[in-house]
Amino acid sequence: MSGHSKWSSIKHKKGAADAKRGKLFSKLTRAIIVAAREGGGDPSANLALQNAIEKARSYSMPKDNIDRAIAKGSGADSDTTTFETIVYEGYGPSGVAVIVEALTDNRNRTASEVRHTFSKNDGNLGGSGAVAWLFERQGVVIVPAEGVDEDELTLAAAEGGADDVALDGTTYTVSCDATNLSAVREAIEAAGFAVDSAELTMVAKTTVEVADEHEAKKILRLIDQLEDNDDVQDVYANFDIPERVLEAVAG
């Protein structure tokens, strides 16, 4: 797994998501509304909605909030604001490839803000297809490693349809086909394992190793500022930063 996955896990554990809970819940709600509007309110027949719900659950979004978002997106009285999905691709410090997924009601505003964020953080925005080939979409479930028997976790994950289980520092990363994400999470939880997060993500095929703490800080500053944008839903990058450096930066 790329260092970005490790960074996401560290932020999750340290409660950084909780500090931005209001903004985070707004983004999760928007994703559910758009998915329900475009594909209907039945998660079993709408993979995008199913994945949006899984991500919301990972961040402890209350079930009532999720249900209201589904109703708002699929109901006849849903608001008329039209959001479109836009994907931006570019490079950050140290040549790290970055993909930014946004849901916006004003593509000119979002494009300008994303481009500015890249520029002020020693990065540059590229054209469509610039770095997408370096990633593949997968479902990823993160399980805390403490007290976990790897063979038992692997068996449970396989029963849900997982492709791989790998120890990544203090967590296990369970990867699967995007269509199996919900089933894999349910199988892991049914076997008694805790789940830190479960979401659809872009996994890097190749990574850029960044061991220098100064460079790591620059990269993570870019990622954090992109994620702080109200229109940005997800940011993916192919950096591989040693966990000791990530922990130092997170601290």
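# Exercises on strands, helices and salt bridges

Strand 2 (residues 97-104) and strand 9 pair in the antiparallel sense over five bridges. The model is predicted. Work through each task, then check the solution.

## Exercise 1: Strand 9

Task. Find which residue of strand 9 stands opposite Ile99, and state how many residues of strand 9 are buried.

Solution.
- Step 1. Locate strand 9 at residues 232-237.
- Step 2. Read across from Ile99: Tyr236 in strand 9 stands opposite.
- Step 3. Apply the cut-off: buried means under 20% relative accessible area.
- Step 4. Count. Six of the six residues of strand 9 are buried, and the strand is mostly covered.

## Exercise 2: The open sheet

Task. Give the strand order of the open sheet of four strands, and say which strands form its edges.

Solution.
- Step 1. Write the order: 5-6-4-7, with antiparallel pairing.
- Step 2. Recall the general rule. Strands of a sheet pair through backbone hydrogen bonds, either parallel or antiparallel.
- Step 3. Pick the edges. Strand 5 (162-168) and strand 7 each pair on one side only.
- Step 4. Add the twist, which averages 35° from one strand to the next.
- Step 5. Look for a helix on the sheet. Helix 7 (residues 150-160) packs there, touching strand 4, strand 5 and strand 6 (171-176). The direction of helix 7 makes about 150° with that of strand 5.

## Exercise 3: Strand 7 and its neighbour

Task. Describe how strand 4 is joined to strand 7, and decide whether the faces of strand 7 are covered or not.

Solution.
- Step 1. Strand 4 covers residues 135-144, and strand 7 covers residues 197-204.
- Step 2. Eight bridges join these two strands, which run antiparallel.
- Step 3. Check two facing pairs. Val141 stands opposite Ala198, and Gln138 stands opposite Thr201.
- Step 4. Use the general rule: in a regular strand the side chains alternate between the two faces of the sheet.
- Step 5. Sort the residues by side. One side of strand 7 holds Ser197, Glu199, Thr201 and Val203. The other holds Ala198, Leu200, Met202 and Ala204.
- Step 6. Conclude. The residues on both sides are all buried, and both faces are covered.

## Exercise 4: Helix 8

Task. List the buried residues of helix 8, and name what covers them.

Solution.
- Step 1. In helix 8 (residues 181-190), the buried residues are Leu181, Ser182, Val184, Arg185, Ala187 and Ile188.
- Step 2. Their cover includes helix 4 (47-58), helix 7, and strands 4, 5, 6 and 7.
- Step 3. Look past the helix end. Gly192 follows helix 8 and has a positive phi, near 95°.

## Exercise 5: Salt bridges

Task. Which parts of the chain do the Arg185–Glu54, Arg30–Asp231 and Lys218–Glu215 salt bridges link?

Solution.
- Step 1. Start with the total: 17 salt bridges.
- Step 2. Take Arg185 and Glu54, whose side chains meet at 3.7 Å, N to O. Arg185 lies in helix 8 and Glu54 in helix 4, so the pair ties together parts 131 residues apart in sequence. Arg185 counts as buried at 5% relative accessibility, and Glu54 is buried at 3%.
- Step 3. Take Arg30 and Asp231, which meet at 3.4 Å, N to O. Arg30 is in helix 3 (residues 21-39), and Asp231 is in the loop between helix 9 (213-227) and strand 9. They are 201 residues apart. Both are buried.
- Step 4. Take Lys218 and Glu215, which meet at 3.0 Å, N to O. Both lie in helix 9, three residues apart, about one turn of the helix. Lys218 is buried, with a relative accessible area of 17%.
- Step 5. Finish with the network. Salt bridges that share partners join Arg30, Asp105, Arg109 and Asp231.

Conventions. Residues are numbered from 1 along each chain as its sequence is written. This is a predicted model: local features need pLDDT of at least 70, side-chain atom pairs count only at pLDDT 80 or more; totals for chains, interfaces and linings use all residues. Side-chain values use heavy atoms; hydrogens and water are left out. Buried means under 20% relative accessible area, exposed over 50%, partly exposed in between (1.4 Å probe, protein chains only). Two strands pair if DSSP finds at least two bridges between them. Axes are lines fitted to C-alpha atoms, for helices over the stretch in contact, and angles run from 0 to 180 degrees between N-to-C directions. Contact means heavy atoms within 4.5 Å. A salt bridge is a side-chain nitrogen of Lys or Arg within 4 Å of a carboxyl oxygen of Asp or Glu.
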